[in-house]
Amino acid sequence: MHFRVLDLNIYGEPNASDDSKSSMAERLTELACSVATKNLDVMAFQEMYLPYSRKIFQKKLGNQYEMIGANHFFPSVPALSCVPSLLAYAIVRYLLEGSMLFSVGLSFAVSPLALLVLFKVLSLCLPLVFPIPSDIGFLERARLDFMGTAICFNRDIWSDIKRVSVNPFSDSMRGYPRPSSLSLKNLGVWLLLFVQHTFFRPGFLMGVATHKDSNKRVLVVNAHLVLGYPNPKRTVQVKRVLEEITAYSVSEGADCVVLCGDFNAPPQDTCFDAIRTAGYMDSTTWVPKGQNVCTQCCKNPLVTDDGEEFGSEESRIDYVFVRGLGKRNRLMTELMSAKTVFDFADKDGIMSDHFGIELDVAIS
């Protein structure tokens, strides 16, 4: 069995300094066209939050591909997200002795529901900021996928394609980094934490398909883990992913698993210890010596800060791991190859703040 895999975080910054791509929609269209010409077998995408991003890729890839999305359109608001609303009501109503109407109004203004409404309104106003495809309807623009992960299978190669599960991490293991103090200078960071914790869901999407030629089942797991380094919650998240893979392989069975995604962690992070112990092989093992391996680093002009957050120039936070699951299956390492794509060495150019990973997999 042989197949080709691509892992790519598509988002980037819509106001990036690359003047040749005046909007994120145009850059995504060009990226989707480049992906389509590669004729890949499996593709995993992260940060497909906005509805037009999936629409662009579906249109350019055509009916040859079946796309499985997380479709996590409504947030499961955790209890901690309601704390600002409760505090606002208590302070205005009881400490400042404000009216009931004003207290309730202010409480709603800082509530998760009000923020969700604001998100929807901003989504509807997208065409006023930068162009989006004309076939994206008015109401469709209000549908935000708060997990933003997707997996594409090539129908020419795969049959019995299905989504296994969508797994946003629970509130206790979400683990978004918190500011060091309650000072006013950290107000913006606290606001970002509130938005992230309330809406955006680190988690993983699982899909499975049967390889037509070999009749073997391949489980594809697309993970998007939490930010921050170091972050002990990421190790907990990885263990949760591995537990779900084990549970599926025991109950349903699979011959191979491809674990990929944006892990938001450098290779030395302890979250990878469990993956290596479980027998997964890292795709960079097959990257030719001397070639680029970083995926989001200061080499990428679409990275908007100075790159220090991501460590050295060779740092990477995106990965593809492969493991054979059947007793008779083993990875044919001599038939595998990997490379970084959509980077400065790629003829298609840089179109995301993450470089992609392309991997050839062969299992017998």
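What share of the contacts in the protein chain with a separation of 6 or more is accounted for by residues 24 or more positions apart? In this predicted model, such residues account for 76% of those contacts. The sections below go through the chain as a whole, then its nonpolar cores, its aromatic pairs and its charged side chains.

## The chain as a whole

The protein chain has 364 residues, and 53% of them count as buried. Its secondary structure comes to nine helices and 12 strands. The accessible surface of the chain is about 16800 Å², and carbon and sulfur atoms hold 58% of that surface.

## Nonpolar cores

In soluble globular proteins, nonpolar side chains tend to be buried together. The largest nonpolar core here has 35 residues, and the members that touch the most other members are Val35, Met43, Phe45, Tyr52 and Phe57. Several helices and strands supply two or more residues each to this core: the helices are α1, α2 (51-61), α5 (112-124) and α7 (187-198), and the strands are β1 (2-9), β2 (42-46), β3 and β4. Helix α1 gives the most, with six residues.

Phe45 shows what the surroundings of one core member look like. Leaving aside residues up to four places away in sequence, Phe45 touches Leu6, Leu8, Ile10, Val35, Phe57, Gly148, Thr149, Ala150, Cys152 and Asn222. Apart from the largest core lies another one, of 27 residues, and its members include Trp158, Val218, Val220 and Ala338.

## Aromatic pairs

The whole structure contains 11 aromatic pairs. One of them joins Phe153 and Trp158 in an edge-to-face arrangement, with the ring centres 6.0 Å apart and 75 degrees between the planes. Phe153 counts as buried because its relative accessibility is 0%, and Trp158 is likewise buried, at 2%.

Another pair, Phe272 with Phe321, is tilted: the centres are 6.0 Å apart and the planes are at 40 degrees. Phe272 belongs to helix α9 and Phe321 to strand β10 (residues 318-324), so this pair ties together parts that are 49 residues apart in sequence. Phe272 has a relative accessibility of 0% and is therefore buried; Phe321 is buried too, with a relative accessible area of 2%. Both residues belong to one aromatic cluster, made up of Phe263, Phe272, Tyr319 and Phe321.

## Salt bridges

The count of salt bridges comes to nine. Three of them are listed here.

| Pair | Closest N to O distance |
|---|---|
| Lys38 and Glu358 | 3.5 Å |
| Glu66 and Arg155 | 3.5 Å |
| Arg276 and Asp273 | 3.9 Å |

What does the salt bridge between Lys38 and Glu358, with its closest N and O atoms 3.5 Å apart, join? Lys38 is in helix α1 (residues 24-38) and Glu358 is in strand β12 (residues 356-362), so the pair ties together parts that are 320 residues apart in sequence. Lys38 and Glu358 are both buried. The two are also part of a network of salt bridges that links Arg4, Lys38, Glu358 and Asp360.

Glu66 and Arg155 form a salt bridge as well, again with 3.5 Å between the closest N and O atoms. Glu66 lies in strand β3 (residues 65-69), while Arg155 lies in the loop between β4 (150-154) and β5 (158-168), so this pair ties together parts that are 89 residues apart in sequence. Are these two side chains buried or partly exposed? Glu66 is partly exposed, with a relative accessible area of 25%, and Arg155 is partly exposed at 33%.

The salt bridge between Arg276 and Asp273 sits within one element: both residues lie in helix α9 (residues 272-277), three residues apart, which is about one turn of the helix. Arg276 counts as partly exposed because its relative accessibility is 42%. Asp273, at 43%, also counts as partly exposed.

## Charges over rings

Lys38 has a further partner besides Glu358. It lies over the face of Phe342, at 5.4 Å from the ring centre. In addition, Arg323 places its charged end over the ring of Tyr280, 5.8 Å from the centre of that ring.

Notes. Residues numbered from 1 in each chain as written. Predicted model: local features only at pLDDT ≥ 70, side-chain atom pairs only at ≥ 80, totals over all residues. Heavy atoms only, no water. Salt bridge = Lys/Arg side-chain N within 4 Å of Asp/Glu carboxyl O. Helix = DSSP H or I, 4+ residues; strand = E, 2+ residues; numbered from the N terminus. Buried < 20%, exposed > 50% of the residue type's maximum accessible area, 1.4 Å probe, protein only. Phe/Tyr/Trp six-rings, centres within 6.5 Å; stacked < 30°, edge-to-face > 60°. Lys NZ or Arg CZ within 6 Å of the ring centre and 35° of its normal. Core = buried A, V, L, I, M, F, W, Y, C linked by side-chain atoms within 4.5 Å. Contact = heavy atoms within 4.5 Å. Areas by Shrake-Rupley, 256 points an atom, 1.4 Å probe, with all protein chains shown as cover.
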